Amino acid sequence: MKKLAVLFLSLLMIGLLQAQHQKSQRMKKKILFVVTSHDKKGNTGEDTGYYLGEVSHPWKVLHKAGYEIDFVSPKGGTPPVDGFDLKDPVNKEFWENKEYKNKIDHSLKPSQVDPVNYSTIYYAGGHGAMWDLADNTELASIASKIYENGGIVAAVCHGPAGLVNIRLSNGSYLVDGKKINAFTNEEEAAVQLTDVVPFLLEDQLKKRGAKFEKSGLWQNHTVADRRVITGQNPQSAKSVGEAILKELNP
């Protein structure tokens, strides 16, 4: 019995040390922000892109904590921006940060990204995400590798469009069985784009097996479940950043 107890304790200690090492390695790695390259809302002629506040608010939380952030978009280069409001002091701070303004204006192509370098992949929203993130197999592969390396997958608002087709190596969908939220059907109706977007994000996530959670219109709602962190709308962007930081520094 004593030998079994010693063996059990030894295995437990090895497991704890491996977990601590994994967390330590994850904390040292960079964070990858995904932004859309798509600039039009369907056939409406209205401009769209990534939503600035959904980049700037998580950026501030994570940058302040000492994390380096890279940007990737489906086409690379300078992605289109929406929600351009420099009266928001955090937006202004990000936009006037020369290093990070240069980084987002020269976003990487997926082919330039090595998943091994990143602890976290975060999908920012903006309606453009609905047209070019869901079916991007390169980004889905990057995300699945980061996740299966012990990393975090996060998204906010329309950013979870990038999550709907991510499969793990066992063939299951990343969101299957997990608590997830995103821009809701009610919010899409409120902005009168239900019949413009290529699919309803809430419905598609449910089809993939997500346990979809939501609050009322424009309410801050963020959920974390087994290293997948999602937020409902622009009001949830800072909370998603804080949840990522908490997961990185338990």
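**Entry 1: strand 6 and its neighbours**

I looked up the pairing of strand 6 with strand 10 (residues 228-231) and found that the two run parallel and are joined by 4 bridges. The model I am reading is a predicted one. Within this pairing, I noted V228 of strand 10 as the bridge partner of V153.

I then turned to strand 5 (residues 118-123), which pairs with strand 6 in the parallel sense, again over 4 bridges. Here V153 of strand 6 is the bridge partner of I121. I therefore record V153 as a residue with a bridge partner in strand 10, namely V228, and with another in strand 5, namely I121.

**Entry 2: burial of strand 6**

I asked how many residues of strand 6 (residues 152-156) are buried. The count is 5 of 5, so the strand is largely enclosed by the rest of the structure. I also checked the directions of the side chains: I152, A154 and V156 point one way, while V153 and A155 point the other way. Residues of both groups are buried. In a regular strand, side chains alternate between the two faces of the sheet.

**Entry 3: helix 2**

I compared the length of helix 2 (residues 52-64) with expectation. At 1.5 Å a residue, its 13 residues should span 18 Å, and the end C-alpha atoms are 18 Å apart, which agrees.

I next examined its covering and found that 10 of the 13 residues are buried, which leaves the helix mostly covered. Among the buried residues are L52, V55, S56 and W59. After the helix comes G66, and I recorded a positive phi for G66, near 100 degrees.

**Entry 4: helix 2 against helix 9**

I asked at what angle the axes of helix 2 and helix 9 (residues 237-248) cross. The angle is roughly 35 degrees, and the axes come within 8 Å. The crossing is right-handed. On the side of helix 2, the contact is made by G53, E54, H57, P58, V61 and L62; helix 9 contributes A237, K238, G241, E242, I244 and L245. I sorted this contact by class and obtained 6 nonpolar, 3 polar and 3 charged residues. The helix 2 residues of the contact, G53, E54, H57, P58, V61 and L62, are also listed as buried.

**Entry 5: D114**

I located D114 in the loop between helix 4 (98-105) and strand 5. I asked whether D114 is buried or exposed. With a relative accessible area of 39%, D114 is partly exposed. Finally, I noted that the C-alpha atoms of D114 and I146 are separated by 9.5 Å, although the two residues lie 32 residues apart along the chain.

Key: Residues are numbered from 1 along each chain as its sequence is written. This is a predicted model: local features need pLDDT of at least 70, side-chain atom pairs count only at pLDDT 80 or more; totals for chains, interfaces and linings use all residues. Side-chain values use heavy atoms; hydrogens and water are left out. The expected span of a helix is 1.5 Å times one less than its number of residues. Buried means under 20% relative accessible area, exposed over 50%, partly exposed in between (1.4 Å probe, protein chains only). Two strands pair if DSSP finds at least two bridges between them. Axes are lines fitted to C-alpha atoms, for helices over the stretch in contact, and angles run from 0 to 180 degrees between N-to-C directions. A crossing is left-handed if the near helix is turned anticlockwise from the far one by less than a right angle, and right-handed if clockwise. Contact means heavy atoms within 4.5 Å. Ala, Val, Leu, Ile, Met, Phe, Trp, Tyr, Cys and Pro count as nonpolar, Asp, Glu, Lys and Arg as charged, and the others, Gly among them, as polar.
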